[in-house]
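Hi everyone, thanks for making time today. I'd like to walk you through a structure that may be new to you, so let's put it on the screen.

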Amino acid sequence: MLIKVLGSAAGGGFPQWNCNCRNCADVRRGASGFTARTQSSLAVSSNGRDWVLLNASPDLRQQINATPALGSQASGELRNSPIKAAVLTNGDVDHISGLINLREMQPFLVYGSGRVLSVLSSNSIFKILNAEMVQRRELGLDAPVQLMGPGGDLGLTIEAFAVPGKVALYLEDTSKGADFGTVEGDTIGLKITAPESDKTFYYIPGCADVDARLSDRIRGAALVFFDGTLFTDDEMVKAGLMPKTGKRMGHISMSGSDGSIAAFASLGVERKVYVHINNSNPVLDENSPQRKEAEDAGWEIGYDGMEISL
Ligand code: MLT
Ligand code: MN
Ligand code: ZN
């Protein structure tokens with residue numbers, strides 16, 4: 001199984017178009033120790049030919065052009081794409097809006113929870129993906145399914161599971177109290193398995209808390225890609241970027257006694273990679289003490305173009 005990190009940044013990317021925070025200013029001027037990043041997406045393949053997108057970011061066109069395996073193949077037909085399916089983990093702009101890049105009458109399948117598929121069906125712009133070409137399939141929770149492309153079985157099984165989180169920002173209903181009308185499954189994690197090699201990894205780009213249920217699920221895993229949005233819960237507030245904490249945004253932080261570094265410390269996960277990293281996060285500075293703290297705890301900081309073979 002081959003995995004490519006297409007985009008390792010959170011919503012907004014790195015640098016973010018309107019942001020002059022220290023990290024964004026430093027990466028924009030090419031300071032050493034900083035690397036630009038596009039928005040949150042992975043690609044996975046069981047055979048190196050047929051690919052599945054895990055989330056479709058607004059930067060997808062750029063990501064495809066930076067990744068020859070995902071572009072139209074010279075050996076193929078006049079119109080061809082190795083992208084056979086896309087699986088969505090929530091309704092966030094950074095995770096679904098890239099679907100619009102995949103118009104032009106190319107067949108593929110879109111998988112998502114019922115709630116995420118309802119976002120697609122209630123926004124008419126997604127009709128640009130012609131329903132005769134692009135089938136939408138609902139993913140149930142805790143039920144492994146064989147991923148299918150237009151030409152059949154893609155050699156991967158995927159199991160969606162609910163993780164603590166929050167409904168997408170633009171769907172927040174402030175009349176519904178502290179959870180803004182979030183329902184179970186608004187944010188999912190994915191367990192992806194290649195049955196032929198019996199290799200498995202987890203993809204959890206948005207998560208508010210590593211609770212007992214999630215800990216039990218991922219304990220001893222070979223590889224987990226995990227929500228690396230913020231280092232400290234109030235880092236965006238302290239930097240004057242916005243008044244929201246990570247908890248308010250549905251994201252666990254890396255540091256602290258209730259952070260992901262501490263939560264994973266006893267889980268025995270062999271390889272742990274942060275993705276969905278916000279531009280405010282000090283780990284984006286390769287020379288920062290926070291970067292060292294994460295790496296000393298065994299974490300890798302995901303980057304665009306990172307490839308892992310399982
Ligand atoms: C998030 O991950 O919290 C969202 O992508 C935020 C947003 O939609 O801007
Ligand atoms: Mn996001
Ligand atoms: Zn910034």
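Let's begin at the manganese ion, ligand 2: its protein donors are Asp94, through OD, and His276, through NE2, lying 2.2 Å from the ion. Please keep in mind that this is a predicted model. Asp94 sits in helix 3, residues 93–96, while His276 belongs to the loop between strand 12 (271–275) and helix 9 (289–296), so the two donors tie together parts that are 182 residues apart in sequence. Are these two buried or exposed? Both Asp94 and His276 are buried.

Now let's move to strand 10. Five of its six residues are buried, so the rest of the structure largely encloses this strand. On one side of the pairing story we have strand 9, residues 188–194, which runs antiparallel to strand 10 over five bridges. Here Ile192 stands opposite Phe201. The two strands form a hairpin with four residues between them, and Asp198 in that turn has a positive phi of about 60°.

Strand 10 also pairs with strand 11, this time in the parallel sense, over three bridges. Tyr202 has Val224 as its bridge partner there. Add helix 5, and strand 10, helix 5 and strand 11 give you a right-handed β-α-β unit.

Finally, the packing. The largest nonpolar core has 33 residues, and Ile204, Leu214 and Phe226 are among those with the most contacts inside it. Strand 10 (199–204), helix 5 (212–218) and strand 11 (223–227) are among the elements that each supply at least two of its residues. A second, separate core has 29 residues, including Val44 and Tyr203.

How values were computed. Residues numbered from 1 in each chain as written. Chains lettered and ligands numbered in written order. Predicted model: local features only at pLDDT ≥ 70, side-chain atom pairs only at ≥ 80, totals over all residues. Heavy atoms only, no water. Core = buried A, V, L, I, M, F, W, Y, C linked by side-chain atoms within 4.5 Å. Buried < 20%, exposed > 50% of the residue type's maximum accessible area, 1.4 Å probe, protein only. Donors = N, O, S within 2.8 Å, 3.2 Å for Na, K, Ca; no water. Pairing = 2+ DSSP bridges. Right-handed = clockwise from strand over helix to strand, strands pointing away.
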